[in-house]
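Visitor: Could you walk me through this model? I would like to learn how to read its features.

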Amino acid sequence: MKQLTFYKYQGTGNDFIMVDNRSLFFQKNDAATIAFLCDRRFGIGGDGLILLENDATADFKMVYYNADGNESTMCGNGGRCIVSFAHFLGIFSKDTTFNAIDGLHHATINKEGVVALQMIDVLKDTIKKDSNYTFLFTGSPHHVELVNDVKNFNVFENGKNIRYSDQYKPGGTNVNFVEQLSNDSFKIRTYERGVEDETLSCGTGATAVALAMNSLGKTAVNKITIQVEGGEVQVSFDQNDEKYYNVMLTGAAQQVFKGTILIP
Ligand SMILES: N[C@@H](CCC[C@H](N)C(=O)O)C(=O)O
């Protein structure tokens with residue numbers, strides 16, 4: 001048995017095990033152990049596990065695993081949490097640039113611990129608009145669908161069906177159900193691939209919803225509030241004919257506790 005020291009973070013209720021892996025001690029390709037650590041009954045519990053590592057060209061590197069133990073695409077809330085963790089470790093003081101699977105991300109943190117994270121640009125001609133849904137990639141793949149009364153919508157069943165549907169094979173997708181609240185605010189609930197359940201928040205999902213709603217003409221503003229089950233985040237952006245750019249995901253990220261666990 002080995003002893004692992006970890007930190008637990010949450011960003012609007014999307015929760016992550018955070019490991020300082022600058023010494024590269026962590027066994028990376030052991031999906032069973034990562035899934036065990038993320039298990040809410042037998043392990044620590046989390047929607048994912050994130051390694052903070054040194055990077056040759058940026059302040060640090062983010063390596064993200066879903067709760068199923070597999071490395072995945074970008075996690076927006078995890079990105080906000082690792083910025084808070086890097087700040088806690090003294091890696092930067094006000095603003096930082098880090099490397100992730102989808103490239104470099106710039107971020108800032110304020111005195112209240114609110115993190116503003118730059119997300120990837122989204123080319124407008126990559127946004128697929130169908131009669132009842134929109135699909136786009138904001139670092140991770142997202143199906144976005146407007147529904148009535150999202151509060152009482154069966155996110156698990158409908159989300160799972162779409163996630164595993166033929167159209168998204170073999171990789172699958174995250175699935176967001178959306179209700180418009182006002183000109184500049186939307187309520188969303190997200191089924192997350194790799195967690196295989198609804199989570200309390202999804203950062204790349206909130207970003208996808210904001211851009212999709214602007215793209216569909218549901219809102220003309222460039223700063224949108226997204227209510228999620230675990231709180232709210234803001235998504236702001238600039239755009240031209242070709243793309244959405246300067247896409248910022250902003251919200252709180254908090255360290256919850258530090259601990260040690262024995263791993264086989
Ligand atoms: N929680 C995330 C998304 C994490 C990745 C996702 N589950 C996938 O595999 O696509 C976020 O905050 O963006």
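Visitor: Which residues does G76 touch, not counting residues up to four places away in sequence?

Guide: Happy to start there, and please keep in mind that this is a predicted model. Contacts with residues up to four places away in sequence are left out here, and G76 then touches L117, M119, G139, G203, T204, A206, T207 and L249. G76 itself is found in helix α2.

Visitor: Is G76 buried or exposed?

Guide: The way to read burial is to count C-beta atoms around a residue: 20 or more others within 10 Å make it buried. G76 has 29 other C-beta atoms within 10 Å, so it is buried.

Visitor: T204 was among the contacts of G76. Where is T204 found, and what is it in contact with beyond its neighbours within four places in sequence?

Guide: T204 is found in helix α4. Leaving those neighbours aside, its contacts are M74, C75, G76, T138, G139, S140 and H142. T204 is buried, because 29 other C-beta atoms lie within 10 Å.

Visitor: Which positions does UniProt list for "binding site"?

Guide: A record like this is worth reading beside the model. The unreviewed UniProt entry lists N14, N66, G76, N77, N174, E192, R193, G203 and T204 under "binding site".

Visitor: Let me pick N14 from that list. What is the place of N14, and what does N14 touch?

Guide: N14 sits in strand β2, residues 14-20. Not counting residues up to four places away in sequence, N14 touches D47, N77, T199, L200, S201, C202, G203 and G230. N14 counts as buried because it has 32 C-beta neighbours inside 10 Å. You can also compare sequence with space: N14 and G48 are 34 residues apart in sequence, and their C-alpha atoms are 8.6 Å apart.

Visitor: Now the ligand. Which residues around the ligand come nearest?

Guide: Of the 18 residues around the ligand, S72, N77, S140, G203 and T204 come nearest. Next, look at which elements supply the shell: α2 (76-88) and α4 (203-215) are the ones that give two or more residues. The largest share, three residues, comes from α2.

Visitor: How many residues of each class does the shell around the ligand have?

Guide: The shell has three nonpolar, 12 polar and three charged residues. As for domains, the shell draws at least three residues from each of domain 1 (2-119 + 253-263) and domain 2 (122-248).

Visitor: How many residues of domain 1 are in contact with domain 2?

Guide: Interfaces can be read residue by residue, and here 22 residues of domain 1 are in contact with 22 residues of domain 2. On the side of domain 1 that touches domain 2, α2 and β7 (114-118) each supply at least two residues. Helix α2 gives the most to that side, with four residues. By class, that side of domain 1 has six nonpolar, 12 polar and four charged residues. The centres of the two domains, taken over C-alpha atoms, are separated by 23 Å.

Visitor: One last feature, a helix with two sides. Which residues of α3 are buried?

Guide: In helix α3 (residues 155-163), the buried residues are V155, G159 and I162. They cover an arc of only 65° around the axis, so they lie on the same side of α3. On the other side of α3, E157 and N161 are exposed. The cover over the buried residues of α3 includes β11 (141-146), β12 (174-182), β13 (185-192) and β14 (197-199).

Note on methods
Residues are numbered from 1 along each chain as its sequence is written. This is a predicted model: local features need pLDDT of at least 70, side-chain atom pairs count only at pLDDT 80 or more; totals for chains, interfaces and linings use all residues. A residue is near a molecule or strand if its C-beta atom, placed from the backbone, lies within 6 Å of it. Ala, Val, Leu, Ile, Met, Phe, Trp, Tyr, Cys and Pro count as nonpolar, Asp, Glu, Lys and Arg as charged, and the others, Gly among them, as polar. Domain bounds come from an automatic or database domain assignment. A residue is buried if 20 or more other C-beta atoms lie within 10 Å of its own, exposed if 12 or fewer, and partly exposed in between; C-beta atoms are placed from the backbone. The arc is that of the directions from the helix axis to the C-beta atoms. Two residues are in contact if their C-beta atoms, placed from the backbone, lie within 7 Å. UniProt positions are given in the numbering used here, feature names are shortened, and annotations may be inferred rather than shown by experiment.
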